[in-house]
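Student: I have a structure to go through and would like to work from its contacts and backbone geometry. Can we take it feature by feature?

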Amino acid sequence: MKVAIIISGKDTAGRNIKEQLEKIGLSNKFSTEQAELFLNYVNEDSIRCENIDKEIDADLFVFATKHASKSKIPSLTVHAPGNIGSALYGGKENLICIAAERYIKRCFQLLSQKKPEGFDAIQEATHHGPLIEKPCFFIELGSDEEGWKNKEGAKAVAETIIECFSTPISECKTAIGIGGMHHSPNFAKIMRGNEYAISHVCAKYNLEFLDEEMLNQMINRSMTPAEKIFLDWKGLGEHKERIKSLVEKTGIAWEKIK
């Protein structure tokens with residue numbers, strides 16, 4: 001499997017992660033028994049790399065970049081890209097990418113183990129561009145200028161990328177998450193477990209855009225289609241009954257979580 005690691009020259013955190021990757025040995029190409037990793041340095045912002053899968057020959061794309069948050073809490077994050085609703089930050093409206101769910105899960109677990117003191121490890125809801133047609137995910141260092149420059153945080157991200165693609169990925173089922181906060185705290189326990197990898201997450205603030213077509217995208221736009229839907233029941237707010245009705249129409253098993 002060919003894995004393209006995408007680093008933007010405009011991105012302070014990306015450059016920091018790139019430096020740590022090079023220290024590990026990934027200056028251009030890094031081969032393991034599981035994959036061949038290629039480092040790709042681009043001039044545009046990662047979220048604007050539309051159709052980069054047409055320019056770079058790879059089976060899977062990893063965007064290593066910054067995470068920005070008003071809270072400024074030091075964080076290491078991972079998530080699938082795509083827009084549930086408007087496309088303010090790259091990609092296209094109401095279109096989401098093919099989530100590399102097993103690798104998102106593995107990276108979340110590794111970030112949880114490797115995060116420096118004071119950092120959180122987070123799976124974010126699906127958001128922003130670019131829109132590409134190969135499996136992909138973002139892995140990020142945040143959440144402000146101080147965090148983007150943090151060497152230990154960048155080292156944890158770099159080591160996670162290498163380790164994720166150096167060892168076999170455990171078999172697991174695919175699921176999606178609906179409701180709750182952007183940083184998906186109520187889905188974290190599922191991601192730490194062994195049974196399910198959560199591919200796409202629709203947070204509470206995007207529930208107004210979740211219709212039958214978008215729900216079908218969430219179910220099917222992953223390396224393996226989702227077999228289960230987890231509902232952050234309290235985090236559905238006023239949308240509870242509408243979302244429950246949509247979910248029941250799919251015929252897929254679903255579960256309320258608290």
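The questions below go through cysteines, cores, salt bridges and the backbone of this predicted model.

Student: How many disulfides does the structure hold?

Tutor: A disulfide needs two cysteine sulfur atoms within 2.5 Å. The sulfur of Cys 172 has its closest cysteine sulfur in Cys 164, 11 Å away, which is too far for a bond. For Cys 202 the nearest cysteine sulfur is that of Cys 97, at 15 Å. The number of disulfides in the structure is zero.

Student: Is Cys 202 buried or exposed?

Tutor: The cut-off for buried is under 20% relative accessible area. Cys 202 has a relative accessibility of 0%, so Cys 202 counts as buried.

Student: Which helix gives the largest share of the largest nonpolar core?

Tutor: This core has 51 residues, and those that touch the most other members are Ile 5, Leu 21, Leu 37, Phe 137, Ile 139 and Phe 165. Seven of the core residues, the largest share, come from residues 151-164, that is, helix 5.

Student: Which residues from 157 to 161 does Ile 139 touch?

Tutor: Leaving out residues up to four places away in sequence, the contacts of Ile 139 include Val 62, Phe 63, Ala 64 and Thr 65, as well as Thr 77 and Val 78. Cys 107 and Leu 111 are also among them. In the stretch asked about, Ile 139 touches Val 157, Thr 160 and Ile 161.

Student: How many residues are in the other core, which lies apart?

Tutor: Among the members of this other core are Ile 178, Ala 226, Leu 236 and Val 247. The number of residues in it is 20.

Student: How many residues apart in sequence are the parts that Asp 57 and Lys 2 tie together?

Tutor: Asp 57 and Lys 2 form a salt bridge, with 3.1 Å between the closest N and O atoms. Asp 57 is exposed at 57% relative accessible area, while Lys 2 is partly exposed at 31%. Lys 2 belongs to strand 1 and Asp 57 to the loop between helix 2 and strand 4, so the parts tied together are 55 residues apart in sequence.

Student: In the salt bridge of Glu 133 and Arg 221, which residue is buried?

Tutor: The two side chains meet at 3.3 Å, N to O. The pair ties together two loops, one between strand 6 and strand 7 and the other between helix 7 and strand 10, 88 residues apart in sequence. Glu 133 is partly exposed, with 42% relative accessible area. At 19%, the buried residue is Arg 221.

Student: Which residues are linked in a network of salt bridges?

Tutor: The structure holds 14 salt bridges. One of them joins Lys 29 and Glu 36 at 3.2 Å, N to O. The network links Arg 106, Lys 114, Glu 159 and Glu 163.

Student: Where is the peptide bond that is cis with omega near 5°?

Tutor: Most peptide bonds are trans. One cis bond runs from Gly 142 to Ser 143, with omega near 20°, and Ser 143 lies in strand 7. Pro 130 is in the loop between strand 6 and strand 7. The bond with omega near 5° runs from Gly 129 to Pro 130.

Student: What is the relative accessible area of His 128?

Tutor: His 128 has a positive phi, near 55°, and is not a glycine. Lys 72 also has a positive phi, of about 60°, and is exposed at 53% relative accessibility. His 128 is buried, and its relative accessible area is 11%.

How values were computed:
Residues are numbered from 1 along each chain as its sequence is written. This is a predicted model: local features need pLDDT of at least 70, side-chain atom pairs count only at pLDDT 80 or more; totals for chains, interfaces and linings use all residues. Side-chain values use heavy atoms; hydrogens and water are left out. Buried means under 20% relative accessible area, exposed over 50%, partly exposed in between (1.4 Å probe, protein chains only). A nonpolar core is a set of buried Ala, Val, Leu, Ile, Met, Phe, Trp, Tyr and Cys residues joined through side-chain atoms within 4.5 Å. Helices (H or I, at least four residues) and strands (E, at least two) are DSSP runs, numbered from the N terminus. Contact means heavy atoms within 4.5 Å. A salt bridge is a side-chain nitrogen of Lys or Arg within 4 Å of a carboxyl oxygen of Asp or Glu.
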